[in-house]
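Work through the exercises below with the sequence and model at hand. Each task is followed by a solution in steps.

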Amino acid sequence: MSANETKTEVLPNVDGFKICCIGAGYVGGPTMAVIAKHCPNIRVTVVDLSQPRIDAWNSSKLPIYEPGLQDIVESVRGKNLFFTTNIDEEIVAADMIFISVNTPTKTKGIGKGCASNVKNIEACARNIAKVAKSSKIIVEKSTVPVQTASAISKILRANSDGSVDFQVLSNPEFLAEGTAVRDLLAPSRVLIGGPQNEAGFEAINKLVAVYANWVPRQQILTTNVWSSELSKLVANAYLAQRISSINSISMLCEASKADVEEVARAVGADVRIGPHFLRASVGFGGSCFQKDILNLVYLCESFGLPEVAEYWRQVVTMNEWQKERFTRRMISAMFNTITSKKICLYGFAFKKDTGDTRETAAAYVAKYLLDEDAMITIYDPKVEEEDMWMEFKYTLGITEATHPNLKKSIVLVHDPYEAAKDAHAIAIMTEWDEFKDYDYEKIFANMTKPAFMFDGRNILDHQKLYDIGFEVQCIGKQLPSHFDE
Ligand code: NAD
Ligand code: UGA
């Protein structure tokens, strides 16, 4: 009988279990907090190499911003949820070890710019093999290339004396930032892949038993390990593909006078298509969509499937073009020159309700504007200045060394009205709700005229802005201009 057929199954008792999660990031922290919350009889410890990150998890200012997270962490921290850098000690103590480390795109060597770098995963596997003195279930939580679990198993087997058993499961995470707590409390599904043999089913059932504390059993899907690993990449590729598809149509709408929001509503009303992920935008960002699609592309190439690789690569190509095209439209509207013009970006996070800036479209737009010698002010309700500079440095290679006047050309401002003062244009980069409620009459009055508004998220009241006097452009529809009057 397979694990999928265990409908009348009696799940193993996991009370008293000890879980260790390696990696205290956007996934490790929130996921373990929710497990701890729903499993009071399980001791959960999150470990990381980074002392500042662990210190922040143990403080009143968590290292990441997620609505609802602070309350959950504070309700269980010190009871059955712990954060520490004592990695080896916690590995020794654990029955189950989640690996939730980062798997970024490789920046050099074979597969540079495309393949995922799994060195952190391998480092975890080697460390577990080195220090573990008893059998463990290893849970691959990070997003990885298909067949990584098999590599982990081989490393564990090759580096241990055979007296302990390691079962390696795949349990990818589907949470989205900004809604992480909600997604973890009520997931669309939990996916668990494992070896299709008796020991594998036993391990799968133990992980099922952990999640079954709050997730309905029918929403916990079990598969073989490769399907699970691949499903994660495919899920992200499908989501990103929808955005690139509607963004490609936004260009056609602007050219043809159709309205992309009306098209999205009409298309999404078909239940076979559905209404979600059809919001045209300045382009998708985030640490995972691009990384995971490129990883999929690399896998297809490695498996000798160049046509499949090219099909998925186009999702990323379209996204890059959307970011560049948005900036080109801005420059064109502002009489083809933005040299020394002050341009204000509202939003720098890659989406609302997070301070995460990784791969944010805003950074690319800022780079294109910088290339034209614009003066940029940025306001974001949650982004930390340090993270903004890290994004410019590591994703775009922009530093004081490459741009000597960088910190004069780009300034993070903590007040949205100040950020827009004397600006020639405002561009909405992130769909933060507060942007809808600003006093745009006041903002307009303090801007250089003509005052431009470029809504890269289609969240503002365009008619109202036009009536105030703004020259407004948005994504995927033509709006009236005062110049045509
Ligand atoms: P992150 O960068 O926020 O956190 C990763 C943490 O792992 C860091 O704190 C780092 O110090 C630590 N780490 C790295 N190597 C280590 C090692 N050898 N030992 C101990 N700690 C180590 O990353 P994240 O956003 O949490 O993503 C983690 C994984 O989850 C990635 O594979 C990502 O693709 C996937 N994922 C992310 C999201 C998301 O919303 N961010 C959602 C689903 C899946
Ligand atoms: C995404 C997936 O939604 C998660 O299921 C997945 O677990 C996660 O990636 C991951 O693997 O890291 P996330 O990137 O946090 O989550 O956020 P999304 O809500 O998917 O948004 C991604 C980007 O697409 C954002 O820049 C967002 O503004 C943009 N987007 C989203 C659009 O431009 N239009 C849309 O209709 C939806």
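Helices (H or I, at least four residues) and strands (E, at least two) are DSSP runs, numbered from the N terminus. This is a predicted model, in which local features need pLDDT of at least 70 and side-chain atom pairs count only at pLDDT 80 or more, while totals for chains, interfaces and linings use all residues. Residues are numbered from 1 along each chain as its sequence is written, chains are lettered from A and ligands numbered from 1 in the order in which they are written, and side-chain values use heavy atoms, with hydrogens and water left out.

**Exercise 1.** Locate Gly397 and state its exposure.

Step 1. Gly397 sits in the loop between helix H14 (385–396) and helix H15 (406–409).
Step 2. Buried means under 20% relative accessible area, exposed over 50%, and partly exposed in between (1.4 Å probe, protein chains only).
Step 3. Gly397 has a relative accessible area of 39%, so the residue is partly exposed.
Step 4. From Gly397 to Asp422 the C-alpha distance is 29 Å, at a sequence separation of 25 residues.

**Exercise 2.** Describe the surroundings of strand E10 (residues 375–379).

Step 1. Four of the five residues of E10 are buried.
Step 2. Two strands pair if DSSP finds at least two bridges between them.
Step 3. Strand E9 (residues 342–346) runs parallel to E10, joined by five bridges, and Ile343 faces Ile376 in E10.
Step 4. With strand E11 (residues 410–412), E10 pairs in the parallel sense over three bridges; here Ile378 is opposite Leu412.
Step 5. A crossover is right-handed if, with the strands pointing away from the viewer, the path from the first strand over the helix to the second runs clockwise. The β-α-β unit of E9, helix H13 (residues 361–371) and E10 is right-handed.

**Exercise 3.** Which polar contacts does ligand 1 make through the side chains of Asp48, Glu177 and Lys291?

Step 1. A polar contact is a pair of N or O atoms within 3.5 Å; within protein, one must be able to donate a hydrogen and the other to accept it, and residues adjacent in sequence count only if both atoms are side-chain atoms.
Step 2. Oxygen atoms of ligand 1 lie 2.6 Å from a polar side-chain atom of Asp48 and 2.6 Å from a side-chain N or O atom of Lys291.
Step 3. For Glu177, a side-chain N or O atom is 2.9 Å from a nitrogen atom of the ligand.
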